[in-house]
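Student: Could we go through this structure together, beginning with the charged side chains?
Tutor: Certainly; here it is.

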Amino acid sequence: MNDLASIRRVADHFDLPVSTLHYWERRGLLAPHRRSGQRYYSADQLYRIALIRLWRSTGRMSLDEIAAVLAAHAEAPDWRDTVTARLAAIEAEMAQLDTARAYLRGLLTCSREDALERCEGFRALVPLPVNAPLKQS
């Protein structure tokens, strides 16, 4: 068991609270070894923790989604559906962020400091209803 890392060492290495590792264990995402009531993690478990952190931060996956993917070959053969849905959500969010970036960059080039909503560049990017009366504000 010399190749096992203590929970404190793992928490410090991954910059996680120990309570997070406990929670992930309760959720069935981790299965640490026990020795004298203490939790210890093997290399496989350390890689699993790295995956969970990566999927949480960059993949923006929920713990339920992560559980489905980690259980992939054993209990949930439809894990690819989970990954496909997450990819679609990320792509939709990226499209929204691209649009937001375009609007904000356009506003930076606007010469109308007093009324940004009157900026011609911004107005060119914003679709308005055609032939519909606009409410006065």
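Student: Is R8 buried or exposed, and what is its relative accessible area?
Tutor: This is a predicted model. In it, R8 has a relative accessible area of 46%, so it counts as partly exposed.

Student: Which residue does the R8 side chain meet in a salt bridge?
Tutor: The partner is D12, with a distance of 3.0 Å from N to O. R8 and D12 both belong to helix α1 and lie 4 residues apart, about one turn of the helix. D12 is exposed, with a relative accessible area of 51%.

Student: How many salt bridges does the structure hold?
Tutor: There are 7 salt bridges. One of them joins D64 to R27, whose closest N and O atoms are 2.3 Å apart. That pair links distant parts of the chain, since D64 is in helix α4 and R27 is in the loop between α2 and β2, 37 residues apart. D64 is exposed at 55% relative accessible area, while R27 is partly exposed at 31%.

Student: And what about R60, with which residue does it form a salt bridge?
Tutor: R60 pairs with E93, the closest N and O atoms being 3.2 Å apart. This pair also links distant parts of the chain: R60 is in the loop between α3 and α4, and E93 is in helix α5 (residues 79-108), 33 residues apart. R60 is partly exposed at 47% relative accessibility, and E93 is partly exposed at 24%.

Student: Which residues are joined into one network by salt bridges that share partners?
Tutor: The network consists of E25, R34 and R39. E25 is found in helix α2. Its relative accessibility is 19%, and because buried means under 20%, E25 counts as buried. Leaving aside neighbours within four places in sequence, E25 is in contact with L30, P32, R34 and R39.

Student: Changing topic: what is the strand order in the sheet?
Tutor: The sheet is open, with 3 strands in the order β1-β3-β2 and antiparallel pairing. β1 (5-6) and β2 (33-35) stand at the edges with a single partner strand each, so one side of each has no neighbour in the sheet. β1 pairs with β3 (residues 38-41) over 2 bridges, and A5 has Y41 as its bridge partner in β3.

Student: Which members of the largest nonpolar core touch the most others?
Tutor: Of its 21 residues, these are L21, W24, I49 and I66. Helices α1, α2, α3 and α4 each supply at least two residues of this core. Leaving aside neighbours within four places in sequence, I66 is in contact with L29, I52, W55, R56 and M61.

Terms used:
Residues numbered from 1 in each chain as written. Predicted model: local features only at pLDDT ≥ 70, side-chain atom pairs only at ≥ 80, totals over all residues. Heavy atoms only, no water. Core = buried A, V, L, I, M, F, W, Y, C linked by side-chain atoms within 4.5 Å. Buried < 20%, exposed > 50% of the residue type's maximum accessible area, 1.4 Å probe, protein only. Contact = heavy atoms within 4.5 Å. Pairing = 2+ DSSP bridges. Salt bridge = Lys/Arg side-chain N within 4 Å of Asp/Glu carboxyl O.
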